[in-house]
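Trainee: Got a minute to go through this one with me? I'd like to take the helices before the sheets.
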Amino acid sequence: MSTKRCYYETLEVDRDADEGKLKAAFRKLAMKWHPDKNPGDATSEVKFKEINEAYEVLRDAEKRAAYDRYGHAAFEQGGMGGPHGFGAGFASSFSDIFEDLFGMAGQRRGTGRERGADLRYNMEITLEEAFQGKTAQIEIPVSVTCESCSGTGAKAGTKPKTCGMCGGAGRVRQAQGFFTLERTCPGCQGRGQMIEDPCPSCSGSGRVTRDRTLSVNIPQGVEDGTRIRLAGEGEAGVRGGPPGDLYIFLSLTPHEFFQRDGADLHCRVPISMITAALGGEFEVPTIEKGKTKVKIPAGTQSGRRFRIAAKGMPVLRSRQTGDMYVQVVVETPQNLTKKQQELLLEFEKLSSGETHPEAAGFFAKVKDFFGTRAT
Ligand SMILES: [Zn+2]
Ligand SMILES: [Zn+2]
């Protein structure tokens, strides 16, 4: 009684085509005949429907075997497929193909279980805390599964009823021309169940908001922008879905003394012109709240850096430690008294190319430069 085209012909494949070949052929043809690509073209709509139907059967080993044996008759009234075999499975796997093919956001079918949302918590820590590591107690409002109803949303002692509109599937199908559209059941919003007596603690949502105190372990050496993930500490899932994760975003408050560069710490120390000229020693604080001596040689120039090994930051998840760099900046004296000015002028008279080799060299070059230009 069937005037249908052979499924293999429809998909333009051989009778022994394997799964991969079938899928490739289906993709190609579905793309070609998709109604969105051929608006208003009735032929392409028919083709598209045929292609879907053929693939629907051939991708399923059982249905394919039946088709190979009985042809289209296998799926007609009273055939082995019957309304339950082929008919019932059609719409749901049809949308599977769609999601697979066109990357449509797969709406969850059935129970309406949903993973809880991820939460973000911003935490500021000091450089010292990043150095030492710490255990922080944080309090976050999270929605958790309601204890009174165990998340069902139904008042204690009652049970949610299966939704009459979708029979508990959470989805309803609608025929629209050649297409069967599936959408979230409007009666139960996809839950598949109706609550007649909502739980008073959560008003039927199955979730309540609680302040939860969590202990967060901040490892030594964390950097600005480090993200710590606490799996499963996010919001509770919906209707028994898994919980989301909690992400702690760390930011470091600027330090008054140290700048951080990876595991190294940098600081700038002003020194007097005299110390720079004569050499000397001074103390600088360290991140571990100690002190360390920096010895500078006579004739130290402004901007010179001194490295103090292993006084930097610990490297995250390793036993290494960075270094500390102390940069000296020579401070030019200001607000001089008469006496001081006299002494400096006295000193100036005694200065020479020996005391200021760089300046002497520079001005000698300048002189040369103008000298050669003049001739
Ligand atoms: Zn409840
Ligand atoms: Zn429903």
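Trainee: At what angle do α3 and helix α4 pack?
Mentor: About 105°, with the axes 6 Å apart. This is a predicted model, so read every value that way. Helix α4 covers residues 61-70.

Trainee: How do I describe that arrangement of α3 and α4 in words?
Mentor: Call α3 roughly perpendicular to α4. Angles from 65 to 115 degrees count as roughly perpendicular, so the label follows from the angle.

Trainee: Which residues make the contact?
Mentor: From α3, Glu56, Val57 and Leu58. From α4, Lys63, Arg64 and Tyr67.

Trainee: And how do they divide by class?
Mentor: Three are nonpolar and three are charged in the contact of α3 with α4. No polar residue takes part.

Trainee: OK, other helix pair. Where do α2 and α3 sit in the sequence, and at what angle do they cross?
Mentor: α2 spans residues 19-33 and α3 spans residues 42-58. Their axes cross at roughly 165° and come within 9 Å.

Trainee: Parallel or antiparallel?
Mentor: Roughly antiparallel. The cut-off is over 145 degrees, so this crossing gets that label.

Trainee: Left-handed or right-handed?
Mentor: The α2 and α3 crossing is left-handed.

Trainee: Which side chains should I display for that contact?
Mentor: On α2, take Leu22, Lys23, Phe26, Leu29, Ala30 and Trp33. On α3, take Ser44, Lys47, Phe48, Ile51, Asn52, Tyr55 and Leu58.

Trainee: How many of those are nonpolar?
Mentor: Nine in the contact of α2 with α3. Two more are polar and two are charged. Notice Leu58: this α3 residue is in the contact with α2, and Leu58 also belongs to the contact with α4.

Trainee: Switching to sheets. What is the strand order in the three-stranded one?
Mentor: β1-β9-β8, an open sheet with mixed pairing. β1 (119-125) and β8 are the edge strands, each pairing on one side only. The twist averages 25° from one strand to the next.

Trainee: How many bridges hold β8 and β9 together?
Mentor: Four, in the antiparallel sense. β9 covers residues 246-252. Ile228 stands opposite Ile248 in β9, and Arg227 is opposite Phe249.

Trainee: Which residues of β8 are on the covered face?
Mentor: Ile228 and Leu230. Arg227 and Arg229 are on the uncovered face of this strand, which runs over residues 227-230.

Trainee: Why would covered and uncovered residues take turns like that?
Mentor: Because side chains in a regular strand alternate between the two faces of the sheet.

Trainee: Now the four-stranded sheet. What order?
Mentor: β10-β11-β15-β14. The sheet is open and its pairing is mixed. The edge strands are β10 (259-261) and β14 (305-308). Neighbouring strands are turned by 30° against each other on average, direction ignored.

Trainee: How many bridges join β10 to β11?
Mentor: Three, and the two strands run antiparallel. Arg260 has Leu265 as its bridge partner in β11.

Trainee: One last residue, Glu331. Which strand is it in?
Mentor: Strand β15, residues 324-331.

Trainee: What is the relative accessible area of Glu331?
Mentor: 47%, so Glu331 counts as partly exposed.

Trainee: What does Glu331 touch?
Mentor: Ile271 and Met273, leaving out residues up to four places away in sequence. Check Pro270 too: Glu331 and Pro270 are 61 residues apart in sequence, yet 6.1 Å apart in space, C-alpha to C-alpha.

Definitions and conventions
Residues numbered from 1 in each chain as written. Chains lettered and ligands numbered in written order. Predicted model: local features only at pLDDT ≥ 70, side-chain atom pairs only at ≥ 80, totals over all residues. Heavy atoms only, no water. Axes fitted to C-alpha atoms, helices over the stretch in contact; angles between N-to-C directions. Parallel < 35°, antiparallel > 145°, perpendicular 65-115°, else oblique. Left-handed = near helix turned anticlockwise from the far one by under 90°. Contact = heavy atoms within 4.5 Å. Nonpolar A, V, L, I, M, F, W, Y, C, P; charged D, E, K, R; others polar. Pairing = 2+ DSSP bridges. Buried < 20%, exposed > 50% of the residue type's maximum accessible area, 1.4 Å probe, protein only.
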